[in-house]
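Visitor: Please take me through one part of this structure closely. I would like to look at the open sheet and its surroundings.

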Amino acid sequence: LLRCLHGLVEPDRGQIIFGDLTVADSRHQQAMVFQHPVLLRRTVLQNLAFAAPEIAKSEPQRLIDALESVHLADRCNQPARMLSGGEQQRLSLARALLSRPSLLLLDEATASLDPASVLLIESLVEAQRAQGTKIILVSHDQGQARRLSDEIVFVSNGQVAEQSPAHEFFSAPRTRVAKAYLAGEILF
């Protein structure tokens, strides 16, 4: 779903519209952070500069500020691929936020990360939301969904099984499959 929303995959049928914009027309307003970071064989700072060359030329301090926001400024000259998993994901988020997106897509952005990285990423996501960025977060972590979500779209077997405000979903799920998931049952 996130890949379709971001225009990386065409939907099998139908179309995706953001207000009056098609996916292609809205791409410049979006950013996506994948579950597994994709980094260039360059330094931490060069990864940001490559992703945002116009910012690197006109506002180079923004790159440093972005690294400071994810606690990586002291690693700016280190090869990006030598960072830990949590650090790589924080760099990916910093890179995504450089474009100041109005829509941020997060695909399991904190899966398998250390608690400190999860906390930092969640705080950055909260800050972005407070600034008006719309965030679509895919997560299997119920605790994270409770902490970060306003609305839940619960997908089971590729279908929307339930959609409701987060507090309603967690306190009074309507569907059998959502109740089973929240009870800790393994669904397939």
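Guide: What follows goes from the chain as a whole to the sheet, and then to two single residues.

This is a predicted model. The chain holds 10 helices and seven strands. Its radius of gyration is 18 Å, close to the 16 Å that the globule rule gives for 188 residues, so the chain is as compact as a globular protein of that length. Measured out along the principal axes, in the sense of computed extent, the C-alpha trace spans about 50 × 40 × 30 Å. Of the 188 residues, 39% count as buried. The accessible surface comes to about 11,100 Å², and carbon and sulfur atoms account for 53% of that area. Among contacts between residues at least 6 apart in sequence, 56% join residues at least 24 apart.

Now the sheet.

Three strands make up an open sheet, in the order β3-β4-β5, and their pairing is parallel. The edges are taken by β3 (30–33) and β5 (134–138); each has a single partner strand, so one side of each is left without a neighbour in the sheet. On average, neighbouring strands of this sheet are turned by 10 degrees against each other, direction ignored.

The link between β3 and β4 can be followed in more detail. Strand β4 covers residues 103–107, runs parallel to β3 and is joined to it by four bridges. At V33, the bridge partner in β4 is L106. A helix is also found here: α6 (residues 85–97) lies across β3 and β4, and its direction is at about 175 degrees to that of β3.

One residue from outside the sheet belongs in this picture. H6 sits in the loop between α1 (2–5) and β1 (17–18). Is H6 buried or exposed? Its relative accessible area is 7%, under the 20% cut-off, so H6 counts as buried. Setting aside neighbours within four places in sequence, the residues in contact with H6 are V23, R27, Q30, A31, M32 and L105. Of the strands described above, β3 spans 30–33 and β4 spans residues 103–107, and the contacts of H6 include Q30, A31, M32 and L105.

A183 gives a contrasting case. The residue is placed in the segment after α10 (176–182). With a relative accessibility of 58%, over the 50% cut-off, A183 counts as exposed. A183 and S112 are 71 residues apart along the chain, and 22 Å separates their C-alpha atoms.

Note on methods: Residues are numbered from 1 along each chain as its sequence is written. This is a predicted model: local features need pLDDT of at least 70, side-chain atom pairs count only at pLDDT 80 or more; totals for chains, interfaces and linings use all residues. Side-chain values use heavy atoms; hydrogens and water are left out. Two strands pair if DSSP finds at least two bridges between them. Helices (H or I, at least four residues) and strands (E, at least two) are DSSP runs, numbered from the N terminus. Axes are lines fitted to C-alpha atoms, for helices over the stretch in contact, and angles run from 0 to 180 degrees between N-to-C directions. Contact means heavy atoms within 4.5 Å. The radius of gyration is taken over C-alpha atoms; the globule rule is 2.2 Å times the number of residues to the power 0.38. Buried means under 20% relative accessible area, exposed over 50%, partly exposed in between (1.4 Å probe, protein chains only). Accessible areas come from the Shrake-Rupley method with a 1.4 Å probe; for residues, only the protein chains shown count as cover.
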